[in-house]
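The following exercises concern charged side chains and packed helices. Please attempt each task before reading its solution.

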Amino acid sequence: MFLRNPSNFQSKNFRLVEKYLQPFQLSPETLQEVSARLRKDLLRGLGKHSHHKAPVKMLPTFVRATPDGTEKGDFLALDLGGTNFRVLHVRVEEEAQKVLKMDSQICAIPQEMMLGTGEQLFDHIATCLGDFLESHNLKGQTLPLGFTFSFPCEQLEIDKSILIRWTKGFNCSGVEGKDVVQLLKEAIHRRGDYHIGSVAMVNDTVGTMMSCGYKDQSCEIGMIIGTGTNACYMEEIKNVKRIEGEDGRMCINTEWGGFGDDGCLDDILTEFDVEVDKTSINPGVHIFEKMISGMYLGEIVRLVLVKMTKDKLLFKGQISEALGTRGLFETKFISEIEDGLENAKKILTELGLDWSLVDASVVRLVCDTISSRSAYLCAAALATLVNRIRNNRKLGHLKTTVGVDGTVYRKHPTFSSKLQKAVRLLAPQCDITFLVSEDGSGKGAAMVTAVAQRPAHQSRLLEESDGEDNEEEEEEEGQ
């Protein structure tokens with residue numbers, strides 16, 4: 001993995017560089033151990049009495065099936081996760097096996113509304129939804145709606161989700177502890193000029209899985225590796241001890257970013273991981289996410305470079321103001337630097353550093369080492385899920401598809417290939433296809449709604465069929 005010792009770089013210095021980077025290099029045995037620890041945490045999260053204290057929350061989503069290709073129709077999707085929200089009109093075409101985004105509209109949420117009352121916020125959402133329906137001639141229809149609400153919630157049913165706490169700068173009064181679907185319906189009712197059909201609450205990870213699931217019906221895992229990280233998968237309902245039921249499957253939102261919050265990863269944390277956690281807005285929380293996701297990778301690299309520079313291994317021992325400032329070494333720099341030495345030179349110049357070719361090569365090596373660790377840890381976690389599905393179903397060999405989204409996976413030049421190679425080593429009895437999601441929070445939300453419609457649709461067909469049979473029997477008796 002390491003570059004050969006450049007001829008003009010003293011071997012003593014090169015050994016010191018290796019010393020810095022060695023703690024980031026995880027052996028296959030260590031990755032298997034990480035996978036085994038996560039397996040234990042999955043069980044704790046699924047347990048009836050242990051889930052409250054489990055770092056990996058394993059939240060039931062009440063999504064009980066993946067797409068089977070029979071879904072069709074028009075749906076609305078609402079995606080609220082920041083200072084803007086989107087309204088979408090999505091059409092699912094059974095014949096063409098396509099999920100089409102027909103129209104979409106972005107609506108801003110003013111700062112004062114983010115800190116106002118819940119009633120004001122949901123009235124604003126209802127107004128924007130009404131305007132969208134009006135401008136796209138959809139007001140006369142009663143369309144089902146998929147609602148991606150990217151805040152911590154406890155989901156009690158597919159259409160009942162209680163907000164635990166606001167994040168991302170929101171602090172609207174009268175919403176925490178309440179059912180956000182009910183608040184939306186009440187706001188629409190107050191307007192009184194349009195109606196919506198059934199509502200399905202959707203986590204963005206689940207949306208990723210479902211947006212890929214219509215294209216590839218063996219897709220039973222959703223994974224996001226971007227600013228943050230998370231995954232979901234289809235679990236046997238009998239193993240989800242906190243809900244009633246024995247038959248069938250349910251999608252579980254693992255919230256695997258919390259893996260390690262109980263200290264179980266402390267032996268593989270580096271001093272740089274500890275520093276990133278300590279200076280974050282939520283120390284002690286989401287340890288796994290801080291080791292592998294886009295919000296933190298750039299800062300880990302920066303801290304390593306700063307320490308190397310202080311030890312006079314880089315940049316003639318001179319730390320520029322930019323390199324010395326937390327958050328200014330962006331994660332996108334890692335992708336760009338690994339993509340080519342010319343990029344590395346350009347970025348180091350922009351950061352105000354007096355660099356040599358050897359410096360640029362060492363910086364590339366640091367970036368490669370830290371992004372590789374991210375890919376391998378992600379692979380260990382994913383291997384835990386695919387191996388669990390295989391064991392649940394008592395299969396000698398599992399063939400499955402993972403729907404993936406996130407900028408780290410999409411944009412980094414080698415992340416996806418390293419992750420895939422490592423998963424094959426850690427889950428040798430699983431044949432895994434990776435499918436990049438297209439708009440999981442929009443199309444995926446509509447897809448969840450479409451699948452949720454299926455049982456009702458099927459029971460209606462059965463009732464109609466029974467009604468026709470009864471009519472025929474009555475006609476026969478009349479004759």
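**Exercise 1.** Determine whether lysine 316 is buried or exposed in this predicted model, and state which residue forms a salt bridge with lysine 316.

*Solution.*
Step 1. The relative accessible area of lysine 316 is 60%. A residue counts as exposed when this value is over 50%, so lysine 316 is exposed.
Step 2. The salt-bridge partner of lysine 316 is aspartate 354, with a distance of 3.2 Å from N to O.
Step 3. This pair links distant parts of the chain, since the two residues are 38 residues apart. Lysine 316 lies in the loop between α9 (294-310) and α10 (331-338), while aspartate 354 lies in the loop between α11 (341-350) and α12 (357-392).
Step 4. Aspartate 354 has a relative accessibility of 44% and counts as partly exposed.

**Exercise 2.** State which residues are joined with Arg191 into one network by salt bridges that share partners.

*Solution.*
Step 1. The network consists of Glu134, Lys139, Arg191 and Asp193.
Step 2. Within this network, arginine 191 and aspartate 193 meet through their side chains at 2.9 Å, N to O.
Step 3. Arginine 191 is partly exposed, at 30% relative accessible area, and aspartate 193 is likewise partly exposed, at 35%.

**Exercise 3.** Explain how glutamate 33 and arginine 37 are placed relative to each other in helix α2, and give the distance between their closest N and O atoms.

*Solution.*
Step 1. Both residues belong to helix α2 (residues 28-46). They are 4 residues apart, and therefore about one helical turn separates them.
Step 2. Their closest N and O atoms are 2.9 Å apart. A salt bridge requires such atoms to be within 4 Å, so the pair qualifies.
Step 3. Glutamate 33 has a relative accessible area of 38% and is partly exposed.
Step 4. Counted by this rule, the model contains 29 salt bridges.

**Exercise 4.** Describe the packing of α10 and α12: at what angle do they pack, and how far apart are their axes?

*Solution.*
Step 1. The angle between α10 and α12 is about 115°, and their axes are 9 Å apart.
Step 2. The crossing of these two helices is left-handed.
Step 3. On the α10 side, the contact is made by Ile334, Ile337 and Glu338. On the α12 side, Val363, Arg364, Cys367, Asp368 and Ser371 take part.
Step 4. Sorted by character, the contact residues of α10 with α12 comprise 4 nonpolar, 1 polar and 3 charged.

Definitions and conventions. Residues are numbered from 1 along each chain as its sequence is written. This is a predicted model: local features need pLDDT of at least 70, side-chain atom pairs count only at pLDDT 80 or more; totals for chains, interfaces and linings use all residues. Side-chain values use heavy atoms; hydrogens and water are left out. Buried means under 20% relative accessible area, exposed over 50%, partly exposed in between (1.4 Å probe, protein chains only). Axes are lines fitted to C-alpha atoms, for helices over the stretch in contact, and angles run from 0 to 180 degrees between N-to-C directions. A crossing is left-handed if the near helix is turned anticlockwise from the far one by less than a right angle, and right-handed if clockwise. Contact means heavy atoms within 4.5 Å. Ala, Val, Leu, Ile, Met, Phe, Trp, Tyr, Cys and Pro count as nonpolar, Asp, Glu, Lys and Arg as charged, and the others, Gly among them, as polar.
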